[in-house]
Amino acid sequence: MTVPKKILNGFLSKLGPGLLYAGAAIGVSHLVQSTRAGGMFGFDLIIAILIIHVIKYPFFEFGPRYTAATGKNILHGYQKLGEWAVWIYLLMTLSTMFIIQAAVTVVTAGLFTHIFGFEGLGGHEPQVVDAIISSLILIICFTLLASGRYRLLDKLIKAVILVLSITTIAAVIALLFDNPGHYASGTLHFDIADAAHLLFLAAFLGWMPAPVEISVWHSIWSESKNENEGRVTSMKEALFDFRVGFIGTAFLAMCFLAIGAMVMYGSGVEFKTGGAAFAEQLLDMYRRALGDWAYPIVAIAALTTMFSTTLTLLDAFPRTISISLERIYPQKFQHKKNNFTYILWLLITIAGTLSLLFFFTPSMGEMVKIATVIAFVAAPILAILNTLAMFDKSIPVQYRPGKGMLIWCLVGLTALISCSIGYLWLM
């Protein structure tokens, strides 16, 4: 028993920012969108998950690669291009942070409400209950982040992702041996000529595996790990850590799609609108399809998924904003010497999120759509910035990507730009 434990501990010790990336990426895009894709079209879109991961791979890799090559986060690379590049990233973050955080948090709150039986708490409407539970979740997250920062987040996400992976795989295996068989009678298939199907695909792939700006978060988490350990992580270690997280998110996305395909496809049950309502419906359908014994497995998987996403996003927004301001106004903002800016933006993020949840909950669906459009259109912009930063002459030659990676980037950029234009045209 001690040998496997040592192997597991040794493996986990090599992981850090890659699992934070996974914690941020695996959320609404996986639990809701991937499951919905499987429920709507069976296994038709599983190849789309693979394709979008291949297209986006270089741009996500450039975050940790830049830090391993220079010892600094990729926002330094943006600054070398000009302050305009940092401003672009900062403005894009400010325009979506409250919407994204609110959408993710309310789904997490919906899961807490359903799993622990908080429906009708204090006689309030479901939307008010979700807002109250969201407040409690954000307070817990604030306490964790303000007290422990990176080290606590690093350890917590390792546990969360481990539980998530085990429970999700267990659910898929259980379905393979004992499923309701609805998928055999499903008749709806993805039609590339159907505009509604294409719009769903665009939104699905826009969040798969995550918005490209997570590459910046990953770079900053990598820099934080270097500071905590007092050394710069080698390129080999950084890429191993990243690839474990990246491949893991792709695998889990396919697992959630498979769950949707095997449980929902052809069942005749219509999806409810809203992330929290969908998550509640999903858990109840699992109970009916597999029995009470399977419910805890799926509930733990769903809850850990969304809580990890809520926590990592709440850390990423204030962290990247404070560092962006430091890049633009180095004399006014000294993030590394003073945590004041981080805590201030952490409070601003929470305040803005709660304002949306308490006063604009009925239009949450529309806000998510707006955030999706912005993220989808922004993908090629940030991909271009990452590419320019990584291929800059200031990067040591031995760490600079080769011609093969450059061709990969150009093909990926062409695909992302074409998809963004097509999405806007369909909208």
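This passage describes the fold, the buried core, the surface and the charged pairs of a predicted model.

The chain holds 15 helices and zero strands. Of its 427 residues, 55% are buried. Contacts often span the sequence. Among those joining residues at least 6 apart, 85% connect residues at least 24 apart. The exposed area of the chain is about 18000 Å². Carbon and sulfur atoms supply 69% of that area.

Helix 2 covers residues 17-25. Nine of its nine residues are buried, so the helix is largely enclosed by the rest of the structure. Among these buried residues are Pro 17, Gly 18, Leu 19, Leu 20 and Tyr 21. Ala 22, Gly 23, Ala 24 and Ala 25 are also buried. Tyr 21 has a further role in the aromatic groupings. It belongs to one aromatic cluster with Tyr 57, Phe 60, Phe 242, Phe 246 and Trp 408.

The count of aromatic pairs comes to 17. One of them joins Trp 217 and Trp 221 in an edge-to-face arrangement. Their ring centres are 6.3 Å apart, and the angle between the planes is 75°. That angle counts as edge-to-face because it is over 60 degrees. Both residues sit in helix 9 (residues 214-229). They are four residues apart, so about one helical turn separates them. An α-helix has 3.6 residues a turn, so residues three or four places apart point the same way. Trp 217 is buried, and Trp 221 is buried too.

Attention now turns to the surface. Ile 169, Ile 173, Leu 176, Phe 177 and Phe 251 make a nonpolar surface patch of about 540 Å². Helix 7 (residues 126-177) gives the most to this patch, with four residues. Phe 177 lies in helix 7. Phe 177 has 75% relative accessibility and therefore counts as exposed. The cut-off for that class is over 50%.

Five salt bridges are counted in the model. One of them links distant parts of the chain: Arg 243 is in helix 10 (residues 235-263), Glu 61 is in helix 4 (residues 46-70), and their positions lie 182 residues apart in sequence. The side chains of Arg 243 and Glu 61 meet at 3.5 Å, N to O. The two partners differ in exposure. Arg 243 is partly exposed, at 36% relative accessibility, whereas Glu 61 is buried, at 0%. The pair is also part of a network of salt bridges that links Glu 61, Arg 65 and Arg 243.

A second salt bridge joins Arg 319 and Asp 315, at 2.9 Å, N to O. Both residues lie in helix 12 (residues 295-328). They are four residues apart, about one turn of the helix. Arg 319 has 4% relative accessibility and so counts as buried. Asp 315 is likewise buried, at 0%. Buried here means under 20% relative accessible area.

Another salt bridge is formed by the side chains of Glu 229 and Arg 231, at 3.5 Å, N to O. Glu 229 is partly exposed, with a relative accessible area of 38%. Arg 231 is partly exposed as well, at 39% relative accessibility.

Conventions: Residues are numbered from 1 along each chain as its sequence is written. This is a predicted model: local features need pLDDT of at least 70, side-chain atom pairs count only at pLDDT 80 or more; totals for chains, interfaces and linings use all residues. Side-chain values use heavy atoms; hydrogens and water are left out. Helices (H or I, at least four residues) and strands (E, at least two) are DSSP runs, numbered from the N terminus. Buried means under 20% relative accessible area, exposed over 50%, partly exposed in between (1.4 Å probe, protein chains only). Contact means heavy atoms within 4.5 Å. Accessible areas come from the Shrake-Rupley method with a 1.4 Å probe; for residues, only the protein chains shown count as cover. Rings of Phe, Tyr and Trp (its six-membered ring) pair if their centres lie within 6.5 Å; planes under 30 degrees apart count as stacked, over 60 as edge-to-face and the rest as tilted. Patches are made of residues with over 30% relative accessible area and no salt bridge: like charges are joined within 9 Å, nonpolar side chains (Val, Leu, Ile, Met, Phe, Trp, Tyr) within 5 Å. A salt bridge is a side-chain nitrogen of Lys or Arg within 4 Å of a carboxyl oxygen of Asp or Glu.
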